[in-house]
Amino acid sequence: VEVTSDRFREHAARALRDPELRRAMDRAGGAFVERRRDALARLGTYEALRAHAAAVKAHTLEHLDHYLERLAAAVEGLGGRIHFAADAADANRIVTEVARAEGVRTVVKSKSMLSEEIGLNDALASAGVEAIETDLGEYILQLGGDVPSHIIAPALHWTRERVARLFHDRLGTPPDADPEALTRAARAALRRAFLRADMGVTGVNFAVAETGTVVLVENEGNIRLATSAPRVHLAMMGLEKVIPRLADLPTFLALLPRSATGQEASSYVSLVTGPRRGGEEEGPERFHLLIVDNGRSGVLADPALRDALRCIRCGACLNHCPVYRQVGGHAYGWVYGGPIGAILDPGLLGLERTKDLPQASSLCGACEEVCPVGIPIPELLLEHRRRAASQGLDTAGERAAIGAFAFVAERPALWSSLTAAGRAAGQLLRDGMSLRGGWLPLLSVWLRERDFPAPAQRAFRERWRAGVEREPVNPDPPRGTS
Amino acid sequence: VVGLKVALFATCLGDQLFPDAVVAAVRLLRHLGVEVEFPEAQTCCGQPAYNAGYHREAAAIARHHLEVFSGAEHVVVPSGSCGAMLRAHYPALLAGDGRAGAAALDLAGRTVELTTFVTDVLGVGDVGADLRGLRVTYHDSCHALRSMGVGAAPRRLLRAAGAELIEAHDADVCCGFGGLFAVKMPEVSSAMARSKVEGVVATGAEVLTSTDAGCLMQLAGSASRAGARVRAAHVAELLWEGVQRASGASAGGG
């Protein structure tokens, strides 16, 4: 998968000029935010659940080798096969080998960001295996030759009108079909795919080490079908998805749907515990669990960044991020966009290829506020910025400017005289010279879409000395406490 | 609490671009019986360097301000963002340095945002201002709200003054300023400001107010470019105007 995360600003500027995207983002707008707020208001125990979830995740990451071994042993004990992949190429090789060994020609897939991360569909196509996306949003994107822009709502950036045009071309629905008719058309096409598929490939929301259970959370029922209709089920997970015990699961099942869509519960929760056993009438004959590293162990080994691996992919940080909501997910230039992407992608891919992402934030803190596992996202953004600066990934101009700024800010006399000179220059500018002359690069950037306040005649410090300092204190102050 | 003495941290934006707001803060505090000092060696809190990833440079600026404010019982800041720099980030920046780290924690404990100082330290919920008939909308500065817990205090003071407080649907959404973010990602920053200005205009308020000059500069700059007729004023300015109106006094010098 191509990485263009070093060009966020360029992508974002283009996104802001795309009327179709803006329409889609505006419509998606506040619905997730409002539903989440209402759902949490009804929950009452949110803070306790959040603290518990954060603690379970932090503990699991501390002892990840232990829990992964237990998970692997449990899955094998159930008759499933365990595969470990070090990177994307390894993961793709394993899936295609499983497909070949199992005689698979058609795969139905559930939405899996990990499969996007490793570029699985292309790898399967190269191996002659047809892969069909069965999540409605992913199905739209696959038909339209596009990629997801949101962790849980992959086609968020598509308007329903655009979907109607696509389905008209590809599925023969009327050009003005409504969302219900479009969904029915997709459902009919997908039902045929489920029935002829040899293998279901799914992601994993949680993998329970104690029991070897893979937990899948969804609303469309496509995962339920993908894990039961085909004779083979391959589930793939990033190595951070393991949780210790089944008893830990209710906390996460309370937090995930509420944080993601504001639902009290998702429509389907599937707990897949190994392949079909004797006497059972449903479920796959063969079960494979693929555990993928692809950069995660590097993040795990880095204490300052490790918290990013707590993420349960609810998407709340995206829904609440005022930057994401302006530009959408593609601007981030890789699979994971929004605040979580801005801290995770540099960890997985390295800062050099993703250097714009830690800058793609006003540090407003809305992401941390809504994160159900308490990832301190702004702190991690600042850590990436610190590393970027110390690795010289920013421009020489910025380095020089900040060095000069710090030099002056430690020297009050110099600060006073330079700021006074700056204001005097500002007065001149206001008196007729062009503010767009370009000799003040930051100001000219500011002024492209915003006005700038006219500089004050006198700074506060000058007014203080000139008389404010000597104004009296009220001897009889009010004591209102209305 | 008469006789309380505070050091004012004007902040560089307040000092250089919004001196009226800082003068209003001084007068408001004195109106409430507080003695105000202005240690003149203060400059900028260093947040631009810190947020850009230059911790060594930011730490040097932090050390300078530990000196500047070393004697003050309370450091009152008419900004949630610069206040958060002193309260939350100085201790983190200097954590590796025993003495400076301890001094930073000490300063953090003495640093308080202006409106919270009034409500929580002075225990004053009504400054004796008259803002009756004024339609105001309040913008939550992100750092005031999320790093300093400031949101109730300014609203309480404005309501007590009789202002009609009209909440924008996105009052707690970022304005897009973000310090250097405003010029590093100018397109996104400006788009964020435009969305916020739409929310402000939809309230029908005459005045947009906030605890933070940075947000006000961003929003006023965007509103003025869009031709929106809304005045942006720091909450200290509004409250001081209300005090003057209540006492029937003329505008002071300055």
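What share of the contacts in chain A between residues at least 6 apart in sequence join residues at least 24 apart? I looked this up before anything else, and the figure is 74%. I note here that the model is predicted.

**Entry: chain A as a whole**

I counted the elements of chain A and got 23 helices and 10 strands. I then took the extent of the chain along its principal axes: the C-alpha atoms fill a box of roughly 90 × 50 × 50 Å. Chain A has 482 residues, and 57% of them count as buried. For the accessible surface of chain A I have about 20300 Å². Carbon and sulfur atoms account for 52% of that surface.

**Entry: where chain A meets chain B**

I asked how many residues each chain brings to the contact. Chain A brings 67 residues and chain B brings 80 residues. The area buried between the two chains is about 6500 Å², and carbon and sulfur atoms give 60% of this buried area. I looked for the residues of chain A that bury the most against chain B. Glu449(A), Arg450(A) and Phe460(A) together supply 11% of the area that chain A buries there, more than any other three residues.

**Entry: polar pairs across the interface**

I searched the interface of chain A and chain B for salt bridges and wrote down nine. I checked one pair by name: the side chains of Asp451(A) and Arg225(B) meet in a salt bridge, with 2.8 Å from N to O. For polar contacts across this interface, I have 36 residue pairs, with both residues at pLDDT 80 or more.

Next I asked which elements of chain A give two or more residues to the side that touches chain B. Among them are helix H1 (8-16), helix H16 (322-327), helix H19 (377-390), helix H20 (396-409) and helix H23 (460-466). H20(A) gives the most to this side, with six residues. Helix H21 of chain A is also one of the elements on that list.

**Entry: a patch on the surface**

I stayed with H21, which covers residues 412-430 of chain A and holds Leu418(A). Is Leu418(A) buried, partly exposed or exposed? Leu418(A) has a relative accessible area of 45%, so I entered this residue as partly exposed. The class follows because the value falls between the 20% limit for buried and the 50% limit for exposed.

Leu418(A) also belongs to a nonpolar patch on the surface, which it forms with Phe407(A) and Leu414(A). Together the three residues have about 260 Å² of accessible area.

Methods
Residues numbered from 1 in each chain as written. Chains lettered and ligands numbered in written order. Predicted model: local features only at pLDDT ≥ 70, side-chain atom pairs only at ≥ 80, totals over all residues. Heavy atoms only, no water. Patch = residues over 30% accessible without salt bridge, like charges linked within 9 Å, V, L, I, M, F, W, Y side chains within 5 Å. Areas by Shrake-Rupley, 256 points an atom, 1.4 Å probe, with all protein chains shown as cover. Salt bridge = Lys/Arg side-chain N within 4 Å of Asp/Glu carboxyl O. Helix = DSSP H or I, 4+ residues; strand = E, 2+ residues; numbered from the N terminus. Buried < 20%, exposed > 50% of the residue type's maximum accessible area, 1.4 Å probe, protein only. Contact = heavy atoms within 4.5 Å. Buried area = accessible area lost by both parts, 1.4 Å probe. Polar contact = N/O pair within 3.5 Å; in protein donor to acceptor, adjacent residues only side chain to side chain.
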